[in-house]
Amino acid sequence: MKNFRFHRPQSVAEAVAVMNGAEAGKYLAGGQSLLPVMKLGLAEPTDVIALDALRELNEVRVDGEALVIGALATHYQVHTSPHVNKLAPALADLAGHIGDAQVRNRGTLGGSVAHADPAADYPAALLALDAVVHTDRRALPAEAFFTGLFETALEPDELVTAVRFSLPRKSAYVKFAHRASKYAVVGVMVARLDKGFRVAVTGAGPKAFRLPELEARLAKSCGPDAFEGFYLSPGELNGDHDASAEYRAHLVGVLARRAVAAAA
Amino acid sequence: MTAGGIGEPLLRKEDRRFLLGKGRYTDDLNLPHQAHAYVVRSPHASARVASIDASRALAMPGVLAVFTGADLAADQVGGLPCGWLIKSKDGSPMVEPPHPPLVTDRVRHVGDQVAVVVAETHAQAKAAARELEVEYETLPAVARLRDAVAPGAPAVWAEAPGNVCFDWELGDRAAVEAAFARAHRVVEIELVNNRLVPNAMEPRAAIGDYDAADDRYTLYTTSQNPHLIRLLMGAFVLKIPEHKLRVVAPDVGGGFGSKIFHYAEEAIVTWASRKLGRPVKWVAERTEAFVSDAHGRDHVTRARLALDKDGHFLALRVETLANLGAYLSTFATVTPTYLSAPLLGGPYTTEAVYAEVKGVFTHTVPVDAYRGAGRPEATYLLERLVDKAARETGIDRVELRRKNLIPSDAFPYQTPLAFTYDSGDYQATLELALRESEYASFEARRAEAAARGKLRGIGLSTYVEACGLAPSAVAGSLGCRAGLYDAASVRVHPTGSVTVYTGAHSHGQGHETTFAQIVAERLGVAPEAVEIVHGDTDKIPFGMGTYGSRSLAVCGSAIAKALDKIVAKSKKIAAHLLESDPGDLEFEAGAFRVAGTDRQKSFGEVAFAAYVPHNFPHESLEPGLDESAFYDPKNFTFPGGCHVAEVEIDPETGEVELARVTVADDVGRVINPVIVDGQIHGGLAQGIGQALCENCVYDDEGQLLSGSFMTYAMPRAADLPNFKVGLHVTHCTHNPLGVKGVGEIGSIGVPPAVMNAVLDALAPAGVTHLDMPATSERVWRALREARGQKGPTP
């Protein structure tokens with residue numbers, strides 16, 4: 001790991017200012033993705049800007065018809081939050097299946113979504129729960145936020161401050177975890193929102209995506225017949241020696257059916 | 001039974017320091033003025049090293065030196081030797097290519113050692129290593145067995161045509177052919193024994209320390225056998241006479257075989273410490289361990305079993321390709337040959353066996369012994385084949401085993417492949433395992449699972465293995481370049497406490513407890529009054545270390561022999577003190593008593609007199625109580641037993657859940673039942689890892705795809721059920737303790753039991769074959785193919 005300057009700003013504005021003054025800065029939240037890539041020499045920031053002093057960013061609160069979770073809320077916080085468990089239990093469940101206990105105690109919602117790992121769990125929840133990502137300067141719908149493999153719409157200095165989730169009537173997350181990494185080989189989040197079913201998939205593609213065809217079928221019927229002949233083409237999906245694209249395509253169907261059954 | 005003696009479930013003495021974080025591992029040692037080495041490794045599987053430019057690296061902060069193969073060659077540093085010569089069928093010796101600690105002109109696997117950077121700190125050495133400019137001209141590579149033996153495959157070594165290191169055979173081919181000619185039925189199988197990365201919890205590390213004042217070297221290293229390292233490195237690589245070289249293996253965090261071998265880094269740091277006049281430390285990073293620790297297994301085998309009309313096994317014929325990697329590691333050649341093939345008779349009365357093994361070079365990390373070393377490969381093949389035979393003959397798989405197991409009254413039993421099994425009771429362990437696993441009521445569990453949409457299966461294996469390496473004469477006649485006896489010294493102190501110096505090395509086995517119990521039993525002292533010293537060639541007698549489940553059977557027997565001498569000497573002293581004849585003395589519960597009287601001397605009194613010999617008769621009685629013994633085993637030992645596994649499969653995802661594991665083992669006499677349980681549990685976890693998740697995969701270019709814990713799946717506690725462990729022991733008849741061995745039986749017996757269970761679950765769906773590991777995608781594909789479907793199933 002290369003030497004770097006370490007900063008601990010006391011406000012969001014100061015954090016962004018420090019980032020703008022850095023040659024190649026990185027925000028540090030829980031460090032569960034950044035530190036491993038720094039150890040491997042895959043990221044070599046000149047400045048590491050730790051966010052742990054920004055206490056106001058780890059709040060979980062209910063705001064009218066939405067659940068607003070601060071960017072620095074840890075996975076453990078989300079998993080155990082009474083608000084989340086009451087209003088979006090599938091989200092609490094999802095957070096409880098991220099990594100292991102150590103990761104959940106350090107890793108944060110904001111860090112995960114900003115990192116945009118294709119196999120992370122949260123992106124499925126953001127898409128399914130019609131979430132809006134709030135930053136220091138704007139609000140972005142989840143579908144505009146995730147742009148590609150480890151890519152988001154964030155400006156280089158932009159800082160995620162919170163995520164606003166719609167409240168589902170029902171929701172469920174079903175994950176098929178990688179045996180070694182425990183990341184999602186495929187994870188499917190199904191949510192019944194006031195405006196209808198949303199089905200979002202993570203792990204299978206370069207970024208999380210929705211299944212509009214299945215959502216349309218579910219609008220008509222959420223019974224087993226909704227899946228009759230449903231088939232996702234493996235064409236654009238991830239494939240590696242652990243799980244081929246074909247297998248992932250198959251898993252999307254199986255997990256979606258199980259998630260729909262759980263959310264019915 | 002003596003308090004704390006043989007058979008007592010003592011908690012491990014060593015655990016106090018481990019649980020308190022007070023273990024002393026190689027990386028915990030930091031010597032004054034120590035420098036740090038970082039090894040620059042090849043990113044290519046096969047390439048010519050066109051040039052190395054160290055100028056930028058040398059200019060980096062803190063850098064002391066950059067060494068390459070040329071520097072070692074200039075100092076006449078030798079290559080890493082292979083410890084076992086295997087001869088081909090035609091009598092020609094195996095191809096033994098050079099194995100320099102740093103390459104000179106070619107790299108032959110990803111991770112091959114190209115150069116070493118030494119700097120003031122590890123971070124500086126690592127940063128400078130990135131600035132080393134190595135120009136590679138890449139060459140075609142071959143990583144997989146079948147590709148390596150295909151015509152026109154890239155040659156790993158010019159001197160090994162077809163990439164064949166040896167083409168070896170064992171057994172009576174003519175007898176096997178004759179048996180096949182009269183066979184009622186022949187059952188055939190072809191399978192892969194998957195390649196594994198050992199992944200001990202503690203990565204390898206080494207510190208070289210040259211003392212110019214005494215012209216003496218010390219190597220601290222993560223080794224299972226410090227004397228072997230001293231012998232190999234001193235005599236063959238660095239040419240340092242033994243009295244000028246001390247090798248210390250302090251606490252070692254797991255080995256599983258991977259820390260038996262002499263590795264390049266040990267020689268490099270020792271040599272560099274003299275070059276630089278400073279101690280030089282190297283510690284492997286985990287990703288480095290994946291490409292530099294010797295891997296395990298990696299066989300492709302085809303076998304045929306001949307049966308008579310009643311289902312008796314007449315003969316077995318086996319052809320194996322064994323991946324040796326790019327270089328010959330210390331025991332690479334014996335592992336797939338003499339450590340594997342002689343067990344192909346298994347616990348059965350098979351009349352004739354003939355095995356052929358081709359050792360094959362590939363552009364991969366060297367492959368060597370890994371927990372079980374050859375016996376898991378033989379057992380897996382045999383037990384898969386027996387299950388297949390049961391399916392094809394229609395004979396129940398338990399019945400087929402019962403028919404063919406060696407009867408308990410047939411011991412000693414001469415197998416067709418050189419081994420003589422001294423003792424065992426395979427029917428008893430089979431019946432115990434069936435009972436404890438509730439085998440008879442399995443079909444109800446299968447039906448209950450089916451009602452939940454799950455496929456449930458049960459599988460078993462009956463196995464025998466060989467440990468206690470090894471009678472030196474046998475080893476020598478088979479090509480071993482060392483003797484495989486072991487040694488112990490027992491030093492009784494003046495007030496009766498005891499220190500034992502052993503050639504064994506404990507890196508998880510619990511020797512500090514088990515060996516103390518042997519002493520406690522024999523001398524009547526408390527185990528707390530016994531200290532076990534191991535791992536330092538300046539302290540311990542010349543012994544061969546710990547591997548192949550030999551510590552108790554061989555090193556423990558050496559301790560028992562030394563204790564015999566201690567008792568004999570003590571008796572003489574006691575007789576002198578009691579003014580009687582040694583022949584009239586009884587030794588019991590720590591006291592020497594004149595038979596039939598109450599006149600006695602405690603062991604402590606005798607020890608004290610030994611060191612305060614005010615009135616010893618000089619001519620007939622020496623002072624002191626300190627004895628050594630060397631023990632060369634008369635035979636291997638043969639643990640055996642039966643393992644039963646039960647799995648449940650999700651037919652939609654292919655996910656395999658291990659529901660139950662029940663084992664019944666014969667480990668010989670038990671010294672400490674808690675440690676026996678622990679050893680079985682650990683072995684089972686690793687065996688289950690091989691069967692269900694661990695898999696080392698190279699791509700076509702020889703790049704390691706499963707090179708980290710992100711992709712290489714180790715078994716976790718949550719993946720495992722509670723193990724049910726039962727014992728039915730028969731004593732070994734040829735060693736003084738009656739012990740056999742326990743360290744590897746889990747990784748030997750359970751992989752076929754798990755796979756047979758998986759195949760039992762899948763059989764109703766029409767699946768007949770699957771290779772390890774039974775990953776969810778493999779299971780899903782097998783089910784889909786059996787159903788004749790192509791597209792994804794809903």
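# Worked exercises on a two-chain predicted model

A salt bridge joins A:Arg169 and A:Asp194, with the closest N and O atoms 3.2 Å apart. This is a predicted model in which local features need pLDDT of at least 70 and side-chain atom pairs count only at pLDDT 80 or more, while totals for chains, interfaces and linings use all residues. Residues are numbered from 1 along each chain as its sequence is written, chains are lettered from A and ligands numbered from 1 in the order in which they are written, and side-chain values use heavy atoms, with hydrogens and water left out.

## Exercise 1: a bridge within chain A

Work out which parts of chain A are tied together by A:Arg169 and A:Asp194.

*Solution.*
- Step 1: recall the rule, a side-chain nitrogen of Lys or Arg within 4 Å of a carboxyl oxygen of Asp or Glu.
- Step 2: place both partners. A:Arg169 sits in the loop between β10 (160–166) and β11 (170–177) of chain A, and A:Asp194 in the loop between β12 (184–193) and β13 (196–202) of chain A, so the pair links parts that are 25 residues apart in sequence. Helices (H or I, at least four residues) and strands (E, at least two) are DSSP runs, numbered from the N terminus.
- Step 3: set the pair in context. Over all chains, the rule gives 80 salt bridges.

## Exercise 2: where the chains meet

Describe the interface between chain B and chain A, starting with how many residues are in contact.

*Solution.*
- Step 1: count residues. Chain B brings 29 residues into contact (heavy atoms within 4.5 Å) with 23 residues of chain A.
- Step 2: take the area. The two chains bury about 2,200 Å² between them, 50% of it on carbon and sulfur atoms. Buried area is the accessible area (1.4 Å probe) that two parts lose on being put together, summed over both.
- Step 3: look at the charged pairs. There are seven salt bridges between chain B and chain A; one of them pairs B:Asp650 with A:Arg258, whose closest N and O atoms are 2.9 Å apart.
- Step 4: find the main contributor. Helix α20 (residues 776–786) of chain B gives the most to the side of chain B that touches chain A, with five residues.
- Step 5: sort by class. That side of chain B has 12 nonpolar, six polar and 11 charged residues, where Ala, Val, Leu, Ile, Met, Phe, Trp, Tyr, Cys and Pro count as nonpolar, Asp, Glu, Lys and Arg as charged, and the others, Gly among them, as polar.

## Exercise 3: a four-stranded sheet and its helices

Trace the open sheet of four strands in chain B and say which strands are at its edges.

*Solution.*
- Step 1: read the order, β21-β20-β19-β25 of chain B, with mixed pairing. Two strands pair if DSSP finds at least two bridges between them.
- Step 2: pick the edges. β21 (530–533) and β25 (626–631) of chain B each pair on one side only.
- Step 3: note the twist, which averages 15° from one strand to the next. Axes are lines fitted to C-alpha atoms, for helices over the stretch in contact, and angles run from 0 to 180 degrees between N-to-C directions.
- Step 4: check one pairing. Strand β20 (residues 498–502) of chain B runs parallel to β21(B) over four bridges, and B:Val498 has B:Val530 as its bridge partner in β21(B).
- Step 5: add the helices. Helix α15 (residues 511–523) of chain B packs on the sheet, touching β20 and β21 of chain B, at about 135° to β21(B). Helix α16 (residues 551–578) of chain B lies across β19 (486–492), β20 and β25 of chain B, at about 140° to β25(B).

## Exercise 4: unusual backbone spots

Find where B:Pro412 and B:Lys239 lie in chain B.

*Solution.*
- Step 1: recall the background. Most residues other than glycine have a negative phi, and most peptide bonds are trans.
- Step 2: go to the proline. A cis peptide bond joins B:Phe411 and B:Pro412, with omega about -5°, and B:Pro412 is in the loop between α11 (397–404) and β16 (413–414) of chain B.
- Step 3: go to the lysine. B:Lys239 has a positive phi near 50° and lies in the loop between α7 (226–237) and β11 (245–248) of chain B.
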